[in-house]
2 protein chains.
Amino acid sequence: MRAARAGLALAAALALALALGAWRRRRRRPVREVLFFPSLPSCTEALLAEAAEPGAAALPCPCPLPRGDCSFSRLLRCLLSARRSLEICLFAFSSPQLGRAVRLLHRRGVRVRVVTDAQYMGLRGSQIGLLRHAGIQVRHDQESGFMHHKFAIVDRRMLITGSLNWTTQAIQNNRENVLVVEDAEYVKPFLDEFEKIWEEYNPSNYRFF
Amino acid sequence: MRAARAGLALAAALALALALGAWRRRRRRPVREVLFFPSLPSCTEALLAEAAEPGAAALPCPCPLPRGDCSFSRLLRCLLSARRSLEICLFAFSSPQLGRAVRLLHRRGVRVRVVTDAQYMGLRGSQIGLLRHAGIQVRHDQESGFMHHKFAIVDRRMLITGSLNWTTQAIQNNRENVLVVEDAEYVKPFLDEFEKIWEEYNPSNYRFF
């Protein structure tokens, strides 16, 4: 009888701790981060290898770049936190590391969708061909204006947006900003904008002439 | 005696109402707005005329554009709300209406400072020459990378940032976004970034060769 009572008390305490944990996770403060570029140069090999095969011992990279924290590694980390979905809406996408990260997420089962600008996607160094080759869905505009957005949405929860195109030039040489935002008031309109553009750029609407 | 007491009570009530008003103003929810472009075309004449001479009867504009609310008029309204200071950090600035708004704020006594990109400021249609001619301080980079930011800060309180360069092409033809943000966690880093760039681009650092 006493043992049963103790067991009940333990189960109740456990349930309470679990509920408290879930409540705390729900209540955690939204991420609010501002990243400025140019970023310090850094080696992202370990970060990408760990994301590709969590827990595996990464081969030490022979490159001479420092391994420290910087704007670029923080951006990469936000992106690699995706577990379910990733919407990308980018004017220019030619960074090999960011391209590798996106292909890696696709392989990991994340639903990746990419919208880009028709006039920039075919330029030398563009990652768009590699993304398509990996089986990732890409749609583009057919307009005279530019598809000039530079945003991504991770797990319909985290918005990454700013002035930064995902190019090595922008990351290493330009003055740029990126906001990482989890406030629903900002994320929701960007999600709606993505879905609107995604439908407008449906290939069945492309004109071939 | 009774009159003095009534007077005291009135003064106390007045002080309370004033304090409550100040508290409410401080406590009002921060602005959180997302604007998407291209904007619907609209006539901004009445908005600019009212800002130039508040309360004066504006001459009706003969242009056929609609007068309705749109992303561009909302952006213009945010900018025109400046009372004390305006920091602008822009890759490309050629919109005549936004140029007029900034000159108008400068005439109204707002402290305006502009940072821009050296390679873009001299292009046809740039507003930078007109701003300088009006006596507004402008500084630019001397770097190989672009000064690619696109943000403004109103009264050290409201951040306007996104993918939008202040050009007619971007406003009327491109897919663009602008966030209007009053959360200090976002505004403060942008203010610091502006002050840092402003000092780095001090003309005493320019090299003439």
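Here is a walk through this predicted two-chain model, from the interface to the helices and then the backbone.

Let's start where the chains meet. The size of an interface is often given as the accessible area lost when the parts come together. Here, chain B and chain A bury about 3100 Å² between them, and 53% of that area sits on carbon and sulfur atoms. On the chain B side, the residues that lose the most area to chain A are R32(B), R175(B) and Y186(B), which together make up 28% of what that side buries. As for who takes part, the contact draws 37 residues from chain B and 37 residues from chain A.

What about charge and polarity across that boundary? The rule finds ten salt bridges between chain B and chain A, and it also picks up 26 residue pairs in polar contact, both partners being at pLDDT 80 or more. If you want to see which parts of chain B do the touching, look at β1 (32-37), β5 (150-154), β6 (158-162), α7 (168-173), β7 (176-181) and α8 (184-200), the elements that each give two or more residues to that side. The largest share comes from α8(B), with eight residues. Sorted by class, this side of chain B has 14 nonpolar, eleven polar and twelve charged residues.

Two of the salt bridges are worth pulling up on screen. In one, the side chains of D183(B) and R32(A) meet, with an N to O distance of 3.8 Å. In the other, R175(B) pairs with E143(A), and their closest N and O atoms are 2.4 Å apart. That second pair runs from loop to loop between the chains: R175(B) is in the loop between α7 and β7 of chain B, and E143(A) is in the loop between β4 (137-140) and β5 (150-154) of chain A. Over all chains, the structure holds 36 salt bridges.

Now for the helices. Two packed helices are described by the angle between their axes and the distance between the axes. In chain B, take α2 (residues 45-52) and α4 (residues 96-107): their axes come within 10 Å and cross at roughly 10°. Angles under 35 degrees count as roughly parallel, so α2(B) and α4(B) are roughly parallel to each other. From α2(B), the residues in contact are E45(B), L48(B), A49(B), A51(B) and A52(B), and they meet Q97(B), R100(B), A101(B) and L104(B) in α4(B). By class, that contact has six nonpolar, one polar and two charged residues.

Over in chain A, look at α2 (residues 45-52) with α3 (residues 71-80). These axes come within 11 Å and cross at roughly 5°, and α2(A) and α3(A) are therefore roughly parallel to each other. Here L47(A), L48(A) and A51(A) meet S73(A), L76(A), R77(A) and L80(A), a contact with five nonpolar, one polar and one charged residues.

Finally, a few backbone details. Most residues other than glycine have a negative phi, and most peptide bonds are trans. Against that background, the bond from F37(A) to P38(A) is cis, with omega near 10°, and P38(A) lies in the loop between β1 (32-37) and α2 of chain A. In chain B, a cis peptide bond joins F37(B) and P38(B), with omega about 15°; P38(B) is found in the loop between β1 and α2 of that chain. As for phi, R156(A) has a positive value near 55°, and this residue lies in the loop between β5 and β6 (158-162) of chain A.

Key: Residues numbered from 1 in each chain as written. Chains lettered and ligands numbered in written order. Predicted model: local features only at pLDDT ≥ 70, side-chain atom pairs only at ≥ 80, totals over all residues. Heavy atoms only, no water. Contact = heavy atoms within 4.5 Å. Buried area = accessible area lost by both parts, 1.4 Å probe. Salt bridge = Lys/Arg side-chain N within 4 Å of Asp/Glu carboxyl O. Polar contact = N/O pair within 3.5 Å; in protein donor to acceptor, adjacent residues only side chain to side chain. Helix = DSSP H or I, 4+ residues; strand = E, 2+ residues; numbered from the N terminus. Nonpolar A, V, L, I, M, F, W, Y, C, P; charged D, E, K, R; others polar. Axes fitted to C-alpha atoms, helices over the stretch in contact; angles between N-to-C directions. Parallel < 35°, antiparallel > 145°, perpendicular 65-115°, else oblique.
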